[in-house]
Amino acid sequence: MTEPGRSARAGVPERPTLDGIEDTWAHRWQDDGTYAFDRTKTRADVYSIDTPPPTVSGELHMGHVFSYTHTDTVARFQRMRGRTVFYPMGWDDNGLPTERRVQNVYGVRCDPTLPYDPQWRPPAAPVDDAARKNPTPISRRNFVELCGTLTVVDEQAFEALWRRLGLSVDWSLTYTTIGRAARVASQRAFLRNLARGEAYQAEAPTLWDVGFATAVAQAELEDRERPGAYHRLRFAGPGGREVLIDTTRPELLPACVALVCHPDDERYADLVGAVVRTPVFGVAVPVRAHPLADPAKGTGVAMVCTFGDLTDVTWWRELQLDTRVVIGRDGRLLPEPPAGVPAGRYAALAGQTVAGARRAVVGLLADAGDLVGEPRPVVHPVKFYEKGDRPLEIVSTRQWYLRNGGRDAGLRAELLARGGELRWVPGHMRSRYEHWVGGLTGDWLVSRQRFFGVPVPVWYRLDDTGEPDFAHPLTPDESALPVDPSGEPPPGHDESLRGLPGGFVGDPDVLDTWATSSLTPQIVGGWEADPDLFGRVFPMDLRPQGQEIIRTWLFATVARAHLEHGVLPWRDAVLSGWILDPDRKKMAKSKGNVVTPMALLEQYGSDAVRYWAASGRPGMDLAFDPAQIRVGRRLATKLLNASRFALGLGAADALRAPATQPLDTAMLAELSGVVAAATSAFDAYDHTAALQATESFFWRFCDDYIELVKERAYGTGPGADSARAALATALSVQLRLFAPVLPFVTEEVWSWWRYGSVHRAPWPTTYEVDRAIGGGADAGLLRLASDALGQVRRAKSERKLSMKAEVPLAEALGPADLLDRLTLVADDVRAAGRIGRLDLLPGRTPELVIACAV
């Protein structure tokens with residue numbers, strides 16, 4: 001019979017194997033609810049994890065396995081420490097990556113002007129390159145539905161891999177960033193930001209990705225080295241003076257609004273306040289002074305255009321310059337020239353791409369004699385959207401912003417203080433947060449001109465001429481959320497008035513995906529929807545994440561929790577390092593050097609792959625190394641076989657009996673120290689140190705202790721009883737120490753002789769181990785016995801003898817006190833070394849020497 005509420009013990013199999021145990025235990029854990037969150041526990045008994053929702057727009061890779069394994073070791077450790085672990089899994093499925101994937105897989109593009117077609121069906125995927133280059137236009141609703149269909153397929157594949165890896169997630173807590181709960185939370189938070197004045201709308205220069213046709217936030221930028229060329233242009237100054245400037249963007253000449261030099265640059269001091277004329281177009285522009293101008297760069301005087309880069313925006317704003325925008329949202333030059341620019345000369349540029357306009361302007365400059373010398377090649381950093389493949393432009397658009405301290409010194413100080421309250425692992429990562437917050441130059445742009453995302457939940461009245469009233473947006477009641485203003489009328493309005501003068505129009509934009517992902521603690525914690533759950537899990541205990549998104553996910557989540565709740569969203573943040581290829585280069589999809597995990601999981605087993613992942617500490621880079629995975633496989637196999645051997649000696653029936661023999665108590669005393677070290681390491685989020693301490697002891701336990709006691713354990717009497725009791729305690733404790741890293745093999749072995757799941761068993765304590773020691777213990781006796789046995793083995797090996805060969809006589813030489821201690825374990829050393837007689841000769845050598853007559 002089995003004990004009530006417990007699984008039956010399986011018994012030791014004749015031929016234990018690692019093959020197939022992942023599937024067996026993944027199903028058993030799910031059926032038994034092994035990792036289910038207990039909602040009846042108080043907040044003090046809960047350990048809650050704000051799990052990163054991976055982007056479901058491609059394949060998971062070894063970097064994901066690396067970081068998510070680290071988090072899972074924390075979850076398993078805390079669960080065994082008696083906490084009920086709130087460990088959800090999310091899927092980040094809205095946003096640009098999903099849209100790009102849908103476009104590539106199905107060869108479609110979204111055209112919001114098209115009506116919804118309920119009969120439309122996507123082509124069989126994948127489509128060919130021709131279909132991708134000439135995508136089929138479909139309505140916004142059709143496109144959004146297609147995004148939803150594909151993400152469901154991707155999420156199923158991701159979940160299968162996570163289950164295979166053994167993540168101890170409560171799958172009933174799964175959420176998506178496009179799901180109803182996420183849309184409600186995201187829109188509610190936005191509306192509250194708006195009500196408090198933290199969200200606002202502004203027409204301003206905006207970083208714009210031409211390929212995705214959307215605005216981009218500061219946190220999503222990256223610099224990429226790109227080839228270019230400096231062109232030297234001749235401006236006409238007062239009194240016939242020529243003023244030379246160097247630029248890599250001559251196509252922006254019609255957008256020029258000023259020249260700027262440094263206030264201390266004597267070369268141009270007399271020009272400050274004067275007016276010069278642009279080459280080709282002859283537009284009068286002022287010369288101004290500003291400290292951001294670099295006297296050592298180019299000629300020392302720069303052309304200010306609206307807008308070539310972020311410095312142009314700063315100069316334009318701080319010097320209160322005119323605006324002459326020439327590049328549109330499609331990345332082409334606008335059809336009409338800006339005010340003051342001659343239409344005749346501009347006509348050659350109208351409608352051109354940036355590259356085409358550059359060639360045209362250079363030609364016009366050369367014809368006018370205002371191009372000085374030949375263009376000089378240069379490689380320089382160019383701003384890109386981190387997921388884009390075309391350089392960003394800066395265009396003037398109306399966007400939504402959230403205050404984040406970029407223009408508010410008080411809020412900036414508050415968010416820096418929040419960073420100081422947070423426990424950072426490793427500690428030096430805090431400086432990255434502080435550097436980012438301290439360097440913010442503007443508020444967070446949260447609106448996006450895309451389709452598959454959380455809609456901005458506002459409408460605008462249209463005046464009698466059909467112009468929207470942006471200053472007084474119409475908002476829904478929170479009880480009506482989620483809403484889609486593109487398909488629903490605002491409160492008190494009829495859909496028939498949409499787009500008509502005197503009627504209304506919905507905001508067409510969606511919120512930046514980070515504006516939703518920054519609310520993951522609120523989304524999964526049931527903010528407002530489930531106050532009881534929220535009170536048990538928020539603020540959360542842990543945020544694990546990548547170091548590269550400190551500036552986006554971590555900072556944004558801190559900001560949202562600070563503004564809404566006045567607290568940090570979690571207590572601890574653990575940051576992952578990078579996964580490197582064999583050449584020590586960071587793995588990245590863009591570099592084509594990523595390794596996908598499923599084949600490795602199938603070849604070596606999940607525990608082996610987890611072992612590799614756990615060998616990297618938080619914040620430290622780790623090279624992908626199949627050899628290390630093979631070491632993990634060997635460890636799991638050894639754990640299986642050593643456990644079978646120990647249980648075959650009768651250890652299962654000796655659990656909780658005391659160990660009385662000196663060698664047995666010495667082993668347990670050493671194990672007590674391992675328990676203390678592993679526990680301290682896990683408490684510090686150092687799973688690597690915990691694994692190293694446990695593994696180091698385990699190999700000595702297998703290679704030395706078991707060999708030393710197996711003859712005694714096969715016998716009867718008090719000595720045999722002590723050996724079996726020590727084996728039982730050691731096996732039970734080591735299985736639990738290994739369980740966070742090697743969940744499958746430890747569960748398999750546990751099932752042979754214990755009830756329930758090892759992952760629900762209590763974490764071992766020094767008290768537990770010390771209690772199994774009948775009296776006092778000399779922790780060094782195991783190492784002494786191991787040293788003696790090792791010398792005997794070495795003697796046999798040097799003589800090319802079998803380890804089973806008999807040794808008629810061996811002499812132990814060393815200090816008297818050392819040999820006195822050796823006497824306590826001499827019988828086990830003789831048995832393990834097959835020594836006929838062991839003579840102890842004190843005082844002959846300063847250290848232990850075993851001389852064998854073989």
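Reader: Okay, starting from scratch: helices (H or I, at least four residues) and strands (E, at least two) are DSSP runs, numbered from the N terminus. How many helices and strands are there in the protein chain?

Author: The protein chain has 26 helices and 29 strands. Keep in mind that this is a predicted model, where local features need pLDDT of at least 70 and side-chain atom pairs count only at pLDDT 80 or more, while totals for chains, interfaces and linings use all residues. Residues are numbered from 1 along each chain as its sequence is written, and side-chain values use heavy atoms, with hydrogens and water left out.

Reader: Got it. What box do the C-alpha atoms fill?

Author: Taken along the principal axes, the box is roughly 110 × 65 × 55 Å for the C-alpha atoms of the protein chain.

Reader: And how many of the residues count as buried?

Author: 55% of the 854 residues in the protein chain. Buried is under 20% relative accessible area, exposed is over 50%, and partly exposed is in between, with a 1.4 Å probe and protein chains only.

Reader: Let's look at helix 1. What should its 12 residues span?

Author: Helix 1 covers residues 21-32 and should span 16 Å at 1.5 Å a residue. The expected span is 1.5 Å times one less than the number of residues. The end C-alpha atoms of helix 1 are 16 Å apart, so the two agree.

Reader: Which residues in helix 1 are buried?

Author: Ile-21, Glu-22, Trp-25, Ala-26 and Trp-29. They cover an arc of only 125° around the axis, so they sit on the same side of helix 1. That arc is taken from the directions that run from the helix axis to the C-beta atoms.

Reader: What do those buried residues pack against?

Author: Helix 2 (62-80), helix 5 (140-165), helix 17 (606-614) and helix 22 (743-753). Contact here is heavy atoms within 4.5 Å.

Reader: What comes after helix 1?

Author: Gly-33 follows helix 1, and the phi of Gly-33 is positive, near 65°.

Reader: Switching to sheets. What's the order in the one with strand 27?

Author: That open sheet of 3 strands goes 28-27-29, with mixed pairing. Strand 28 (835-842) and strand 29 (849-853) are its edge strands, each pairing on one side only. Two strands pair if DSSP finds at least two bridges between them.

Reader: How many bridges join strand 27 and strand 29?

Author: Strand 27 (residues 807-814) pairs with strand 29 over 5 bridges, in the antiparallel sense. Leu-809 stands opposite Ala-853 in strand 29.

Reader: Which strands does helix 24 lie across?

Author: Helix 24 (residues 781-798) lies across strand 27, strand 28 and strand 29, at about 40° to strand 29. Helix 26 (residues 826-833) lies across strand 27 and strand 28, at about 135° to strand 28. Axes are lines fitted to C-alpha atoms, for helices over the stretch in contact, and angles run from 0 to 180 degrees between N-to-C directions.

Reader: And the sheet of 4 strands, what's its order?

Author: 8-7-16-18, an open sheet with antiparallel pairing. Strand 8 (214-215) and strand 18 (444-445) are at the edges with a single partner strand each, so one side of each has no neighbour in the sheet. Strand 16 (residues 393-402) is joined to strand 18 by 2 bridges, and Leu-402 has Trp-444 as its bridge partner in strand 18.

Reader: Where is Asn-404 found?

Author: In the loop between strand 16 and helix 10 (409-421). Asn-404 is buried, because its relative accessible area is 5%. Leaving out residues up to four places away in sequence, Asn-404 touches several residues, including Leu-415, Trp-444 and Phe-555.

Reader: Last topic, cores. How many residues has the largest nonpolar core?

Author: 89 residues, with Leu-668 and Phe-701 having the most contacts inside it. Helix 20 (residues 687-713) gives the most to this core, with 12 residues. Apart from that core lies another, of 68 residues, among them Tyr-200 and Val-301. A nonpolar core is a set of buried Ala, Val, Leu, Ile, Met, Phe, Trp, Tyr and Cys residues joined through side-chain atoms within 4.5 Å.

Reader: Val-301 again, which residue is its bridge partner?

Author: Cys-261 pairs with Val-301 of strand 14. Strand 11 (residues 256-261) and strand 14 run antiparallel, joined by 5 bridges. Strand 14 (residues 301-305) is mostly covered, with 4 of its 5 residues buried.
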